[in-house]
Amino acid sequence: MYERSSVAELADSLRSELNRYSVGGKLPSSRALVERYRVSPVTVSRALAQLAAEGLVVTRPGSGVFRARPRTTAPAAGDTSWQEVALSAEGAGDVVPRSVDAGGVLVSLATPPTGVIELNGGYLHPSLQPERAMAAALARAGRRPGAWGRPPVEGLPELRDWFAREIGGAVVAADVLITAGGQSALATALRALAPPGAPILVESPTYPGLLAIARASGCRPVPVPVDADGVRPELLAAAFEATGARVFVCQPLFQNPTGAVLAPARRAEVLRIARAAGAFVVEDDYARSLAHEDCGPLPATLAAEDADGVVVHVRSLTKPTSPSLRVGALAARGPVVDRLRAIQIVDSFFVARPLQEAALELVGAPAWPRHLRTVAAELRHRRDVLAGALRRELPGVALPHVPSGGYQLWARPAVGDDTAFVAAALRAGVAVAPGRPYFCAEPPGPHIRLSFAGVSGPGELVEAVRRLRGALPGGVGPDA
């Protein structure tokens, strides 16, 4: 398995040596580079691809890699200052001005600098991804008859049926739409259910990508606090009454970022409150495939317990596989399905058929349940390693709840603010996520989110905490 740092380091080395070759001159063969730098052929291939993307080298199949002709000087940039007026005036008449801010999402998408340990990611490390199984699934999918043809706009019937069985209850294939991942499904759901200017009830804290979708749609996210047992029903009822909202978005299972699971006694209450308000519950079931080895039986989805079409269910294959396997599902019942379908067709027509075929091959293969068991064991181990290291080395960083699923710990420094903590951590070579973007109103205190899924192994988690301890002497301890 290649490491991103190895690819970056090799690319830097090759970039610094390009002046040794004349324009059009041939670089050493891939085999020679493998022997010289003692790296894998995959690392060499990816490093050369990076240089080719930068326009520094040209690859000629069967001949080799050659130094490219330098690019000519780019023309002077034009004057784009007029756009400030155009973009500012665009939403002047909106009840709730649209705000497209992807900052909270980019924290978990940006690749950290070389040498920085990534505790701010939102996806599995490549070593945990089922790369061989995905490659085999994609190869098999490409050979299926009609694999490159146009799929039904709702998605492949077999894949819709698989998602329906996973969701459970009375949900059937006809209730399911295939989407380009969970983020796309959430965006479609909010556009279908809430007009611009409308309030949307959200858990507090909650996933920053949801807040970005709401604001970009011109909607107003309204916080409803959660505790260790999930959203508080009495506050949810009060929020519906005070705002007149018709949508509540929640993550009942391993909530992001707190890791809370909606308590059994609250599940029916949430559905009852929403039904009484004439509102929809958007259930973001993002982490069902990320349950830890010790979590015990999982509760059913809210959609499986909903008889009246209150729940619009969101599910994705991306989290337990790869950030590039962007295949998800929306499930709903009643007239809302037609609206969801119409919005998806307008936005994207359909999800690429080869990707749907590959997803179907993957989840139907014997390797799929084995992969989920491996991930469950590894996430549990990493969670325990990180939580244990924090308690030993940084006792001033509180862990109110250690979850039995998901990929993150929601921590609270004893003093200071999350911005200062994040900056100090990055100087020490550790990337963590600040807590502020997870709140749509004033946060109750400083928080940070620490992901244990994106590192190469438990050793990096121990090293990350050691670095944090050295960077924050006295700043997080009980005597600070």
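Where is the place of P257? I started my notebook with that one. P257 sits in the loop between β8 (247-250) and α11 (264-276). Before going on, a reminder to myself: this is a predicted model.

**Entry 1: cis bonds and positive phi**

I looked up the bond leading into P257. N256 and P257 are joined by a cis peptide bond, with omega about 20°. In the loop between β8 and α11 I also found F254. F254 is not a glycine, yet its phi is positive, about 55°. Is F254 buried or exposed? It has 1% relative accessibility, so I put F254 down as buried.

Then I checked another proline, P205. The peptide bond from S204 to P205 is cis too, and omega there is near 5°. I found P205 in the loop between β5 (199-204) and α9.

Next I noted R38, in the loop between α2 (30-37) and α3 (41-53). R38 has a phi near 55°, which is a positive value in a residue other than glycine. Its relative accessible area is 76%, and because exposed means over 50%, R38 goes down as exposed.

**Entry 2: helix α13 and its neighbours**

How many of the 11 residues of α13 are buried? I got 10, so the rest of the structure largely encloses this helix. I wrote down the buried ones: R353, P354, Q356, E357, A358, A359, L360, E361, L362 and V363. They pack against α6 (131-142), α7, β4 (176-179) and α14 (367-393). I picked α7 and α6 from that list for a proper look.

A note on method first: two packed helices are described by the angle between their axes and the distance between the axes.

I took α7 first. Helix α7 (residues 157-167) packs with helix α13 (residues 353-363) at about 50°, and the axes are 9 Å apart. That angle makes α7 oblique to α13. The crossing of α7 past α13 is left-handed. From α7, E158, L159 and W162 make the contact, and from α13 it is Q356, A359, L360 and V363. Sorted by class, I have 5 nonpolar, 1 polar and 1 charged residues in the contact of α7 with α13.

Then I turned to α6. The angle between α6 and α13 is about 125°, with axes 8 Å apart. That makes α6 oblique to α13. What is the hand of the crossing where α6 passes α13? I noted it as right-handed. On the α6 side I listed A133, M134, A137, L138, R140 and A141, which meet P354, E357, A358, E361 and L362 in α13. The contact of α6 with α13 divides into 8 nonpolar, no polar and 3 charged residues.

**Entry 3: α8 against α9**

I looked up one more helix pair. The axes of helix α8 (residues 182-193) and helix α9 (residues 208-216) come within 10 Å and cross at roughly 40°. α8 passes α9 in a crossing that is right-handed. Which residues make the contact? From α8 I have Q183, L186, A187 and L190, and from α9 G209, L210, I213 and A214. I split the residues of the contact of α8 with α9 into 6 nonpolar, 2 polar and no charged.

**Entry 4: H313 in a strand**

I wanted to see a single residue up close, and chose H313 in strand β10 (residues 311-316). H313 has 0% relative accessibility, so it counts as buried. Its side chain has a polar contact of 2.8 Å with the side chain of E283. I found another polar contact, at 3.5 Å, between the side chains of H313 and R315. Leaving out residues up to four places away in sequence, H313 touches I167, E283, D285, T301, A303, A329, L330 and A331.

**Entry 5: L340 in a helix**

My last residue was L340, in helix α12 (residues 336-348). The relative accessible area of L340 is 1%, so L340 is buried. What does L340 touch, not counting residues up to four places away in sequence? I wrote down L177, T188, A189, A192, V312, L330 and A332. I also checked L340 against P446. The two are 106 residues apart in sequence, and from C-alpha to C-alpha they are 37 Å apart in space.

Methods
Residues numbered from 1 in each chain as written. Predicted model: local features only at pLDDT ≥ 70, side-chain atom pairs only at ≥ 80, totals over all residues. Heavy atoms only, no water. Axes fitted to C-alpha atoms, helices over the stretch in contact; angles between N-to-C directions. Helix = DSSP H or I, 4+ residues; strand = E, 2+ residues; numbered from the N terminus. Parallel < 35°, antiparallel > 145°, perpendicular 65-115°, else oblique. Left-handed = near helix turned anticlockwise from the far one by under 90°. Contact = heavy atoms within 4.5 Å. Nonpolar A, V, L, I, M, F, W, Y, C, P; charged D, E, K, R; others polar. Buried < 20%, exposed > 50% of the residue type's maximum accessible area, 1.4 Å probe, protein only. Polar contact = N/O pair within 3.5 Å; in protein donor to acceptor, adjacent residues only side chain to side chain.
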